Amino acid sequence: MGLPGASGVANGGGGMPGFFWRKSRYVRMDDVLPQEQEAVEDSGGGGGVRVRGVARRYVFFCSVFASLNHVLLGYDVGVMSGCIIFIQKDLHINEVQQEVLVGCLSFISLLGSLAAGRTSDAIGRKWTIGLAAAIFQVGALVMTLASSFAVLMAGRLLAGIGIGFGLMVAPVYISEISPAALRGSLASFPEIFISLGILLGYVSNLAFAGLPDHINWRVMLAAGILPSISIAFVLTVIPESPRWLVMQGRTGDARAVLLKVAETEEEAEERLGEIEESARATAADKAVWRELMRPSPVVLRMLVAGLGVMFFQQATGIDALVYYSPTIFRDAGIASEGQLLAATVAVGLSKTVFIVIAIALVDNVGRKPLLYVSTIGITGCLATLAAALSLLARGVLPSGVAITLAILTVCGFVAFFSVGIGPINMVLSSEIYPLRLRAQAVATGLAVNRLTSGAVAMSFLSICRAVSVAGAFTAFAAVSALSVAFVHMFVPETSGKSLEQIESLFASDIGSGGEVELADGEHLVHKR
């Protein structure tokens, strides 16, 4: 996610959105063609331009199609925030059962993600995308027809496994099919589709809330099957991952795919050689895990930065806010179910809009400035929300003011989250680790992220009962304040730096509070 972009032809080549192809002022040294080779292609009578435009459009649509499974995760998160209101009435579940129903998705999706690795190696990335959609469809159907909490949980577990498969395989597929210069923007697509799914879930809640209580939540859940049905069409359009084809000994098929997604035939052959070399190196897997378990000081600092950002992304309470936003708005004084669900739509819209803005900024502004803006903004919103709810409970704040503040701060929270720490956690993970450690280190970070998400979602209602909703968000605000300090002390700016520069950043004493700026990193490279 968020690796540096590259300039397109006529602002993106063939009508693609301009910011996806805009050339960043920071460019990874290992991600661009030599200057003279670019000049030859750009001045080659139009042929190079045509190939570049066609290849980029093809990769763009393949990335969009591969990301559709992420709509399922977002939809499930968004729709469950409203469904739980009506499930409680229809199936008479208690508070603990609500927490388990909501929070188990993160734990189960983690298991699905772990299983997806071996599955995608066995049957291919493309067909694992299809398998993820099929498993989710079965789970959603079981939940739709559930007559008891036990059956509902069985469907939830199946849906979680399907979502876990999709979470893991789509980013892998996109990274393996995309040219290096476009991989950053394209790898951000899954995050966009998660946000879109959350918005669709909120809209579904609002649209079907007027139905009878024993029907509305079932229709909301059943509507989630529709995006997964589209995967059947996707499987007829997208090619298999060239890396997987090489691993199966199908070098000719891999070359055919690379000729479609590469800008030139020479680049296709070069990428094929790199893939073959990488495939031969996979036997070093056990040595990688030993290095992660007993890291050197440099690798340890990388792990602290990568795992820390993954932890703080969820520990500030984003999933609690998204899942339980109706509960928060009710505590602020909104009584009508229709008004509650309408307020959640505003939350989903804010999240979707600002994630698009983040993708436009991440390569131009840099990672660390966006993380500062994000974590400081989240802290302010959480503190304001906690203060408003506390003053309302004491009768100091008028109800109308409290409702307005609650909606503004919740929307502000998701906006600041989406413009920074939301997408940048995966951007950072894809950049800071050496290639030999990257896959396993990112998987470890994802495990930390999902476990934290599940713990927050499964404990939120209990915490609110113990210390009030205001108290819960006071705690989240304190954690968010710690994340600001963490970003300052342990996260360097990686945008525009080569792998050698990034390793130099972590070899320096970043824990002392000093920062190595881009100019310092360039000086290191020039000295080489």
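Ala, Val, Leu, Ile, Met, Phe, Trp, Tyr, Cys and Pro count as nonpolar here, Asp, Glu, Lys and Arg as charged, and the others, Gly among them, as polar. The model is predicted: local features need pLDDT of at least 70, side-chain atom pairs count only at pLDDT 80 or more, and totals for chains, interfaces and linings use all residues. Residues are numbered from 1 along each chain as its sequence is written, and side-chain values use heavy atoms, with hydrogens and water left out.

**Exercise 1.** Work out what lines the second largest pocket.

Step 1. A pocket is found on a 1 Å grid over the protein atoms alone, as an open set of points where a 1.4 Å probe fits, with protein on both sides within 12 Å along at least five of seven lines; lining residues have an atom within 4 Å of a point.

Step 2. Count the lining: 15 residues, with Gln88, Gln98, Thr327, Arg330 and Leu461 nearest the centre. Helices are DSSP runs (H or I, at least four residues), numbered from the N terminus. Two or more lining residues come from each of α4 (69-91), α5 (95-123), α19 (325-332) and α24 (435-490).

Step 3. Sort them by type, and you get 8 nonpolar, 4 polar and 3 charged.

**Exercise 2.** Find which parts of the chain the salt bridge between Glu95 and Arg465 ties together, and how covered its two residues are.

Step 1. Check the contact: a salt bridge puts a side-chain nitrogen of Lys or Arg within 4 Å of a carboxyl oxygen of Asp or Glu. For Glu95 and Arg465 the N to O distance is 1.8 Å.

Step 2. Place the partners. Glu95 sits in helix α5 and Arg465 in helix α24, so the bridge joins parts 370 residues apart in sequence.

Step 3. Look at the cover, where buried is under 20% relative accessible area, exposed over 50% and partly exposed in between (1.4 Å probe, protein chains only). Glu95 is partly exposed at 29%, while Arg465 is exposed at 56%.

**Exercise 3.** Now do the salt bridge of Arg156 and Asp76.

Step 1. The N to O distance is 2.3 Å.

Step 2. Arg156 belongs to helix α7 (residues 149-177) and Asp76 to helix α4, 80 residues apart.

Step 3. Arg156 is buried because its relative accessible area is 0%, and Asp76 is buried as well, at 3%.
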